[in-house]
Structure formats: C-alpha cells, structure tokens
Amino acid sequence: MLFEFHKGNNATVATKNICDVYPSALDVRKCQRWFSKFRSGNFDFSDTYRSGRRTTLDNDVLRAEVEANPCQTIEELSNTLNQPWSTIQEHLQQIGKVSRAAV
C-alpha cells in the first residue's frame with residue numbers, strides 16, 4: 001500500500017492493483033484508512049495501543065488450576081476463573097497447554 005501511495009494512486013486503484021496480484025488480500029475501506037494515515041504523515045507500521053479491557057488472568061494461577069484438574073474444559077476454567085472463554089484459550093496456548101483429542 002505504501003508503494004501505491006508513493007506512486008500517487010488513490011485507494012481504489014491501489015486496492016485493484018494489489019488484489020490483481022493477491023486476490024482478496026485487501027478491501028477498499030482498509031486501504032482508505034491506511035492512505036489516510038499516510039497522508040497525515042504516519043508511516044509507522046508497528047502495533048499501537050488498542051483500547052479495551054486488559055486481561056487480569058495470571059498464567060501461574062491458570063497453570064495451577066489446570067495442574068490441579070487437567071480434565072477441565074475451557075468452559076469450566078472460564079467459569080472457575082471468571083474470565084472469558086477466549087482469554088482462557090489464549091493463556092492456555094501461552095503456557096504451552098494444547099488440546100489433545102481423547103487424552
């Protein structure tokens with residue numbers, strides 16, 4: 001997108017050019033948002049702070065809970081630790097716990 005921006009193309013033309021090479025890689029609206037950033041002088045590609053509630057789940061607490069009863073489901077852990085299902089799943093991956101069918 002940055003290359004297309006520097007060529008002087010608008011977001012619609014840039015999206016078409018990119019999608020000609022990589023089909024379905026980009027939609028026009030996303031390209032417009034990036035072009036808006038570029039026009040304002042922001043060429044930073046690093047992740048920025050996102051608003052939202054921070055997780056308060058400590059991996060050590062989760063690890064202890066799993067080791068106490070390894071047969072618990074994510075839903076049971078979610079209810080026990082009062083955390084969303086997706087947070088439990090993410091933190092299980094962080095501590096190296098993976099699902100193994102029938103084990």
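How much space lies in the second largest pocket? About 160 Å³ of space is found there in this predicted model.

**Figure 1. Close-up of the second largest pocket and the residues that line it.** The lining consists of W34, K37, N42, D44, F45, S46, D47, T48 and R50. Grouped by class, these residues comprise 4 charged, 3 polar and 2 nonpolar residues. Rolling a probe the size of a water molecule over the atoms shows where empty space is left.

**Figure 2. Close-up of helix α3, residues 28-39.** At 1.5 Å a residue, the 12 residues of helix α3 should span 16 Å, and the C-alpha atoms at its ends are indeed 16 Å apart, so the expected and modelled values agree. Just after α3, G41 adopts a positive phi of about 95°.

**Figure 3. Close-up of the buried residues of α3.** The buried residues of this helix are C31, F35 and F38. They lie on the same side of α3, because they cover an arc of only 55° around the axis. An α-helix has 3.6 residues a turn, so residues three or four places apart point the same way. The buried residues of α3 pack against two helices, α1 (2-7) and α2 (11-21).

**Figure 4. Close-up of T15 in helix α2.** Is T15 buried or exposed? T15 counts as buried because its relative accessibility is 6%, which falls under the 20% cut-off. Leaving aside neighbours within four places in sequence, T15 is in contact with L26, D27, V28 and C31. Of these contacts, C31 is also one of the buried residues of α3.

Note on methods: Residues are numbered from 1 along each chain as its sequence is written. This is a predicted model: local features need pLDDT of at least 70, side-chain atom pairs count only at pLDDT 80 or more; totals for chains, interfaces and linings use all residues. Side-chain values use heavy atoms; hydrogens and water are left out. On a 1 Å grid over the protein atoms alone, a cavity is a set of points where a 1.4 Å probe fits but cannot get out, and a pocket is an open set with protein on both sides within 12 Å along at least five of seven lines; lining residues have an atom within 4 Å of a point. Grid points are joined across faces, edges and corners, and a volume is the space filled by probe spheres set on the points. Ala, Val, Leu, Ile, Met, Phe, Trp, Tyr, Cys and Pro count as nonpolar, Asp, Glu, Lys and Arg as charged, and the others, Gly among them, as polar. Helices (H or I, at least four residues) and strands (E, at least two) are DSSP runs, numbered from the N terminus. The expected span of a helix is 1.5 Å times one less than its number of residues. Buried means under 20% relative accessible area, exposed over 50%, partly exposed in between (1.4 Å probe, protein chains only). The arc is that of the directions from the helix axis to the C-beta atoms. Contact means heavy atoms within 4.5 Å.
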